[in-house]
Amino acid sequence: MSAAPLPRVAPAAGAAIATPDPHITVRGLVKRFQGVPVYDRFDLDLPRGAIVSVFGPNGCGKSTLINMISGILPIDGGEILFDGRTVAQARIGYVFQNYREALFPWMRARDNVAYPLKLMGVPPTEQARRIAQLVSSFDLKFDLDRHPYELSGGQQQTVSIMRALVTEPEVLFLDEPFSALDYEMTLTMRDQLQKVLAETRTTTLLVSHDLDEAIYLADKLLLLTRRPTRIAAYLDVPVARPRVPASTIEPGFIALKAEALAIFQAAVRES
């Protein structure tokens, strides 16, 4: 399957890839760093309730993209809308790569999870209900009354993900959330996240440097080129859920990975 996808590499800068019932629409996005364009008239639709993985060469602006869509990073031009609303009017959650710096060490894990709800003025009884629901969804095996420094890396990242989900966001952003974890914990976390997102149907945008992980978690795979960044391909992931580690050696998974790798390599060579 390596030869067929190559013509899809790097569509015209202004060309949008239409998505039925998009939750998020990005049109004419422009971003420059020190005058150098990273994104120039970039268009994208993100489907409602889907997990979209972003994969591309180092330095292509994967994290920059989700930081702009989430409102963390200002844009230099264009428009980003959530069902016709601005990001300020949307309810979002964000999970950072460095979980050690993302949590408040002086707070118990439970209080870290509840923190955004307290800022929102959510009553304590509702805070407790939402946390209990997440504990059940994640099938938690550790004590939330412990402090972050008493937890393993995977447990800390679980707390970070729970904190992002406790507000019941309409969109969740994850920036390489498992890159600092060991392989065994990464497998566990992928399966936990897959289960919870399947339950909540939260629109999710995930950045990953691991192609297997990007495909494993995604409903759609967004492949990017080098700067100025364009869409190399936007692929459906037709691998049945729930996915398990053995899914990565199924013919459909292997074929999609080969196609994505061919597109990725072509995009790198073109740059």
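Eight nonpolar, 3 polar and 2 charged residues make up the lining of the largest pocket. This pocket belongs to a predicted model, and its space comes to about 280 Å³. Ile92, Gly93, Tyr94, Pro116 and Ala164 are the closest to the pocket centre among its 13 lining residues. Three elements give two or more residues to this lining: β5 (92-95), α3 (109-120) and α5. Of these, β5 contributes the largest share, with 4 residues.

**A second pocket**

The second largest pocket has a volume of about 220 Å³. Its lining divides into 5 nonpolar, 4 polar and 3 charged residues. Here α4 gives the largest share, 4 residues, and both α4 and α6 (183-200) supply at least two. Among the lining residues are Gln133, Leu134, Val196 and Thr200. Arg130 and Glu168 also belong to this lining, and you will meet both of them again below.

**Salt bridges**

How many salt bridges does a search of the whole structure find? The search gives 20. Here are three of them, with the closest distance between N and O atoms.

| Acidic residue | Basic residue | N to O distance |
|---|---|---|
| Glu168 | Arg129 | 3.7 Å |
| Glu168 | Arg130 | 3.9 Å |
| Asp236 | Lys220 | 2.8 Å |

Let us start with Glu168, which forms a salt bridge with Arg129. Glu168 sits in the loop between α5 (153-165) and β6 (171-175), while Arg129 is in helix α4 (residues 124-138), so this pair ties together parts of the chain that are 39 residues apart in sequence. Both partners are partly exposed: Glu168 has a relative accessibility of 37%, and Arg129 has a relative accessible area of 39%.

Glu168 also forms a salt bridge with Arg130. This pair again links distant parts of the chain, with Glu168 in the loop between α5 and β6 and Arg130 in helix α4, 38 residues apart. Is Arg130 buried or exposed? With a relative accessible area of 13%, Arg130 counts as buried, because the cut-off for that class is under 20%. So the loop residue Glu168 pairs with a partly exposed arginine, Arg129, and with a buried one, Arg130.

Asp236 and Lys220 form the remaining pair in the table. Which elements does this pair link? Asp236 lies in strand β9 (residues 231-236) and Lys220 in strand β8 (residues 220-224), and the two residues are 16 apart in the chain. Lys220 is buried too, at a relative accessible area of 14%.

Beyond these pairs, there is a network to look for on your screen. Salt bridges link Arg108, Arg110, Asp111, Lys118 and Asp145 to one another in a network.

**How far to trust the coordinates**

A word on confidence is useful before you zoom in. The chain has a mean pLDDT of 91, and 93% of its residues reach 70 or more. Residues 1-16 are another matter: their pLDDT is below 50. In the model this stretch has 34 contacts beyond near neighbours in sequence. Predicted coordinates should not be read in detail where pLDDT is low.

Methods
Residues numbered from 1 in each chain as written. Predicted model: local features only at pLDDT ≥ 70, side-chain atom pairs only at ≥ 80, totals over all residues. Heavy atoms only, no water. pLDDT = per-residue confidence, 0-100. Contact = heavy atoms within 4.5 Å. Salt bridge = Lys/Arg side-chain N within 4 Å of Asp/Glu carboxyl O. Buried < 20%, exposed > 50% of the residue type's maximum accessible area, 1.4 Å probe, protein only. 1 Å grid on protein atoms, 1.4 Å probe; cavity = no way out; pocket = protein on both sides within 12 Å on 5 of 7 lines; lining within 4 Å. Points joined across faces, edges and corners; volume = space filled by probe spheres on them. Nonpolar A, V, L, I, M, F, W, Y, C, P; charged D, E, K, R; others polar.
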